[in-house]
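Student: I am new to this structure and would like a close look at a single part of it. Could you take me slowly through one strand and its surroundings, and then through the side-chain contacts elsewhere in the chain?

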Amino acid sequence: MISRILASTVPACRRAGSRAVLVELAARTNACGSAVVLSQRRLMSHERNVVQSPFGSVDIPEKNVTEYIFEGYEKYADKPAITCGASKRSYTYGMTYEMVKRMACGLLSQKGCAMRQHDVLGLLLPNIPEFVPALHGGLLAGLTVTFANPLYTAEEVCRQFENAGVTAIVTLPMLLPVAEMFKSKMKHYKGTICIGGKHDLDKNIYGFEVGSGLPKGVELSHYNLVANLAQGSHPAISKYYQPEYRKCCAMD
């Protein structure tokens, strides 16, 4: 009985002798060899599926996408940059960039929203000219910016902003109730910027004059966006390519 217990505690390969050990080693060797061959095949398949551009490589600078877009804007400072299709309200490149800088300062200011880099700013805006300085002001400040469709229900907006970790919202007076509803759900909410609205410091509201299914979040880096803009600016692709005017159309 004791011999049976002792025998049962010995590994099977030892009980079977050296032949079992050799078989196990051979199996391991074959498995490693198969894994290497499989890895090589995947690499070869990946290389075959890489599409090379006939236009050659593109230099992609590592910089903030807003800085990249507005680089050299001074040459067009007095030209229209954004125009509202309904009201014909328009801002020049100079005015737009000034609004962008003011928005960035207001978001980071201790007298404003007191946001920190990498905090999340939520935009609850329709397609209006002020969307551009709101977006690029947040990006220039080093924030993460997310958008919600203003046609969403209040519950859908709150769900999206909560999942994204939003701590401040830019919106319009007519959509303030949605922002207030979201604020009531958050412990560390920093403030609401209301475009065209009035200051209400008691409620942390700052005036700014100037598919189907549930929404899903996708993160895009500054490098990713700059890369897309740089590729689209290639003279062989861009029909209206001008070296000094290559990025202005990307603001919105």
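Tutor: What follows begins with one strand and then moves outward to loops, rings and charged pairs. Please keep in mind throughout that this is a predicted model. As a setting for the strand, the chain has nine helices and seven strands, and buried residues make up 32% of its 252 residues.

The part to look at is strand S5, which spans residues 166-171 and is mostly covered, since six of its six residues are buried. Strand S5 has strand S3 (residues 120-123) as a partner, and the two run parallel and are joined by four bridges; within this pairing, valine 120 has valine 166 of S5 as its bridge partner. Strand S5 is also joined to strand S6 (residues 191-195), again by four bridges and again in parallel, and here alanine 168 stands opposite glycine 191 of S6. If you follow the chain from S5 through helix H8 (residues 176-185) to S6, you trace a right-handed β-α-β unit.

That unit leads to a pair of rings, phenylalanine 182 and tyrosine 189, for which two values are worth reading first. Phenylalanine 182 has a relative accessible area of 1% and is therefore buried, and tyrosine 189, at 11%, is buried too. Seven aromatic pairs are found in the structure. In one of them, the rings of tyrosine 73 and tyrosine 97 have centres 4.6 Å apart and planes at 50°, so this pair is tilted. Because tyrosine 73 lies in the loop between helix H4 (65-70) and S1 while tyrosine 97 lies in helix H5, the pair ties together parts that are 24 residues apart in sequence. Both of these tyrosines are buried. Phenylalanine 182 and tyrosine 189, by contrast, form an edge-to-face pair, with 6.0 Å from centre to centre and 75° between the planes. Tyr73 and Tyr97 also belong, together with Phe70, to one aromatic cluster.

The charged side chains give a further set of contacts, and the structure holds five salt bridges. One of them joins glutamate 130 to arginine 89, with 2.8 Å from N to O. Since glutamate 130 is in the loop between S3 and helix H6 (131-140), and arginine 89 in the loop between S1 and S2, this pair ties together parts that are 41 residues apart in sequence. Glutamate 130, at 3% relative accessibility, counts as buried, whereas arginine 89, at 31%, counts as partly exposed. Another salt bridge is formed by glutamate 98 and lysine 101, whose closest N and O atoms are 3.7 Å apart; these two are three residues apart in helix H5, so about one helical turn separates them. Salt bridges with shared partners join Glu98, Lys101 and Arg102 into one network.

Finally, two loop residues deserve a look for their backbone angles. Most residues other than glycine have a negative phi. Lysine 88, although it is not a glycine, has a positive phi of about 65°, and this residue is found in the loop between strand S1 (80-83) and strand S2 (90-92). Alanine 114, in the loop between helix H5 (93-108) and S3, likewise has a positive phi, near 55°. Lysine 88 counts as exposed at 59% relative accessibility, while alanine 114 counts as partly exposed at 22%.

Technical notes
Residues are numbered from 1 along each chain as its sequence is written. This is a predicted model: local features need pLDDT of at least 70, side-chain atom pairs count only at pLDDT 80 or more; totals for chains, interfaces and linings use all residues. Side-chain values use heavy atoms; hydrogens and water are left out. Buried means under 20% relative accessible area, exposed over 50%, partly exposed in between (1.4 Å probe, protein chains only). Two strands pair if DSSP finds at least two bridges between them. A crossover is right-handed if, with the strands pointing away from the viewer, the path from the first strand over the helix to the second runs clockwise. Rings of Phe, Tyr and Trp (its six-membered ring) pair if their centres lie within 6.5 Å; planes under 30 degrees apart count as stacked, over 60 as edge-to-face and the rest as tilted. A salt bridge is a side-chain nitrogen of Lys or Arg within 4 Å of a carboxyl oxygen of Asp or Glu.
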